[in-house]
Amino acid sequence: MEADTFDPDLIHAIFKQIWTRRFLERERNGGNDATDCEVGAGTSKKNRPTSANANAVKLSCELLRVFVTEAVQRAAAIAEAEGVIKVEATHLERILPQLLLDF
Amino acid sequence: MEGDANGIDVEKEEDESFNCPLFDRAAKRNGLEISEPIIAYIADFAFKYTEQLAKDLELFAQHAGRKSVNTEDVILSAHRNDHLASLLRSFCNDLKAKEPQSERKRKKASRKEDKATTSVVHVPDL
């Protein structure tokens, strides 16, 4: 049975994509400064993008799952209060501010 | 640029894989139907939220002088909501309890309390 949550590999892939993007930008900007971050493939400066612990990824999946669940359930609550059976975009709109504040 | 083009492709793919049964189940629990565009909106949000989360996590890890994001960083990113933070913390504790290898970190505690308390897993070497 598939667990009711996001795929950790997917989340990890997204993280890596962002971190590599940021890493490349840093390199680009760092090159302009011409400081001492020159040759040194293995130096422990900012020479590799951020990585993540396996548990951190699982925890992030959980966080995202809660985010999505909250969004849907809050919107559904509004729809129910209106007496409508279908959750629409307007319901989602209304819960958005509080949701973004909570997360 | 090639890098960017790849980025955009991956984005779309991942957007779609966000549309997992998770959404349907969450809505149907209340006995309500969920309209099509909502799934796309929420998938988009979730993706953007993930991007924000990635940036935050990177900053927290860097701030702590680390290159690798760990569970404390994730819990910290939920600091705005106490309830959420405690939820994450207990989830994290559950994960650690299931892992047999992490028992090594509990050397300090287990040396003193070992005889009295029985932890969930066996400590391989002390």
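**Notebook: the interface of chain B and chain A**

I began with one pair of side chains in this predicted model, and found that B:Glu58 and A:Arg26 meet in a salt bridge, with 3.5 Å from N to O. I then looked up how many such bridges link the two chains, and the count between chain B and chain A is two. For polar contacts across the interface, I noted nine residue pairs, in each of which both residues are at pLDDT 80 or more.

Next I asked which elements of chain B give two or more residues to the side that touches chain A, and I listed helix 1 (2-17), helix 2 (21-28), strand 1 (33-34), helix 3 (36-63), strand 2 (68-69), helix 4 (71-77) and helix 5 (82-98). The largest share of that side comes from helix 3 of chain B, which supplies 16 residues. Sorting the residues of this side of chain B by character, I recorded 29 nonpolar, 11 polar and 11 charged.

I turned to the extent of the contact, to which chain B gives 51 residues and chain A gives 53 residues. Between them the two chains bury about 5000 Å², and I noted that 67% of this area lies on carbon and sulfur atoms.

Last, I looked up strand pairing between the chains, and found that strand 1 of chain A (residues 51-52) pairs with strand 2 of chain B in the parallel sense, over two bridges. Within this pairing I checked A:Ser51, which stands opposite B:Ser68 in strand 2 of chain B. I noted too that strand 2 is among the elements of chain B that give two or more residues to the side touching chain A.

Key:
Residues numbered from 1 in each chain as written. Chains lettered and ligands numbered in written order. Predicted model: local features only at pLDDT ≥ 70, side-chain atom pairs only at ≥ 80, totals over all residues. Heavy atoms only, no water. Contact = heavy atoms within 4.5 Å. Buried area = accessible area lost by both parts, 1.4 Å probe. Salt bridge = Lys/Arg side-chain N within 4 Å of Asp/Glu carboxyl O. Polar contact = N/O pair within 3.5 Å; in protein donor to acceptor, adjacent residues only side chain to side chain. Helix = DSSP H or I, 4+ residues; strand = E, 2+ residues; numbered from the N terminus. Nonpolar A, V, L, I, M, F, W, Y, C, P; charged D, E, K, R; others polar. Pairing = 2+ DSSP bridges.
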